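Some labels used for a protein model rest on numerical cut-offs, and a careful reader may want to see each label set against its criterion. The questions below ask for that reasoning.

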Amino acid sequence: MPRVHLVRTLNITISGYNRPEYLTRTCEAVSRCVGVSSCRVVVLLDPCDETEASQEIALRYGYEPVVFVEHAGCNDAIYTCMRYGFEVMQSEFHLHFEDDPVPPRDALLWFSWARDKYRHDPHVFTVSGYQQQSNGKLDQCGTRRWFTPWGWGTWVNRWVEMAPRWTSKDGTSWDIGMNNLIRGTRWEAFPTVSRIQNIGAEKGTHVADA
């Protein structure tokens, strides 16, 4: 990835449920990203006792809060966020954060660059911001046969394929279905220095504690 790259408009959703303390950290981190002023950010909330507090957090950072009509659960909530991005926000490439990935200031530079770089590469299914072992240089990236859910994006033509096969009702975490069934043999693009810190050690749906 070149050191200088301008962020053209990105549409971004952030999902939240019952962890406003995490949502605050994610929203704040996104607000500090280079290029965020040219992006549209919507916070979609699965209703619960903490929803009002989460709406206030979204508004504090200038993001539009949207509350689901009824409780969706994690799998359907992420699906709805992506669907909202492509159908309502009319994304050509849509970027999604759950309420526990914390991006650094250059994260949107990475996603914007990778969106343009791999748009027409049929082997690349998604773009991830996460790398468990940051053992490269800031301007290096790669591809791997995997799917990582902590800050990721995809293009509308890939979404048309993945949407009808989304795992939601059988109790399996949606990202496992994405990685093992929907992705096939295709890759995700990733930065060799992670652009995501995952802070979700408590109250997770599929990973309940640290």
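Q: How much accessible surface does the protein chain have, and what share of that surface belongs to carbon and sulfur atoms?
A: In this predicted model, the accessible surface of the protein chain comes to about 9,900 Å², and carbon and sulfur atoms account for 50% of that area.

Q: What makes the radius of gyration of the protein chain agree with that of a compact globule?
A: The rule takes 2.2 Å times the number of residues to the power 0.38, and for 210 residues this gives a radius near 17 Å, so the 16 Å of the protein chain agrees with a compact globule. The C-alpha atoms fill a box of roughly 45 × 35 × 35 Å along the principal axes, and buried residues make up 53% of the 210 residues.

Q: Why is Arg115 called buried?
A: A residue counts as buried when its relative accessible area is under 20%, and Arg115 has a relative accessibility of 3%, so Arg115 falls in the buried class. This arginine is placed in helix H4, which spans residues 107–118, and, with residues up to four places away in sequence not counted, Arg115 touches Arg8, Thr9, Leu10, Glu92, Phe93 and Trp155.

Q: Why is Trp150 called partly exposed?
A: The partly exposed class lies between the buried limit of 20% and the exposed limit of 50%, and Trp150 has a relative accessible area of 31%, which means that Trp150 is partly exposed. Trp150 lies in the loop between S7 and strand S8 (152–155), and its contacts beyond four places in sequence are Pro101, Tyr130, Ile196 and Asn198. For Trp150 and Tyr130, the C-alpha to C-alpha distance is 6.4 Å, at a separation of 20 residues in sequence.

Q: How do you know that strand S9 pairs with S6 and with S7?
A: Pairing requires at least two bridges between two strands; strand S6 (residues 124–128) is joined to S9 by three bridges, in parallel, and strand S7 (residues 141–144) is joined to S9 by four bridges, in the antiparallel sense, so each pair meets the criterion. On the S6 side, Thr126 stands opposite Glu188 of S9, and on the S7 side, Gly142 stands opposite Phe190 of S9.

Q: What makes strand S9 mostly covered?
A: Strand S9 covers residues 187–191, and four of its five residues are buried, a label that requires a relative accessible area under 20%.

Conventions:
Residues are numbered from 1 along each chain as its sequence is written. This is a predicted model: local features need pLDDT of at least 70, side-chain atom pairs count only at pLDDT 80 or more; totals for chains, interfaces and linings use all residues. Side-chain values use heavy atoms; hydrogens and water are left out. Buried means under 20% relative accessible area, exposed over 50%, partly exposed in between (1.4 Å probe, protein chains only). Helices (H or I, at least four residues) and strands (E, at least two) are DSSP runs, numbered from the N terminus. Accessible areas come from the Shrake-Rupley method with a 1.4 Å probe; for residues, only the protein chains shown count as cover. Contact means heavy atoms within 4.5 Å.
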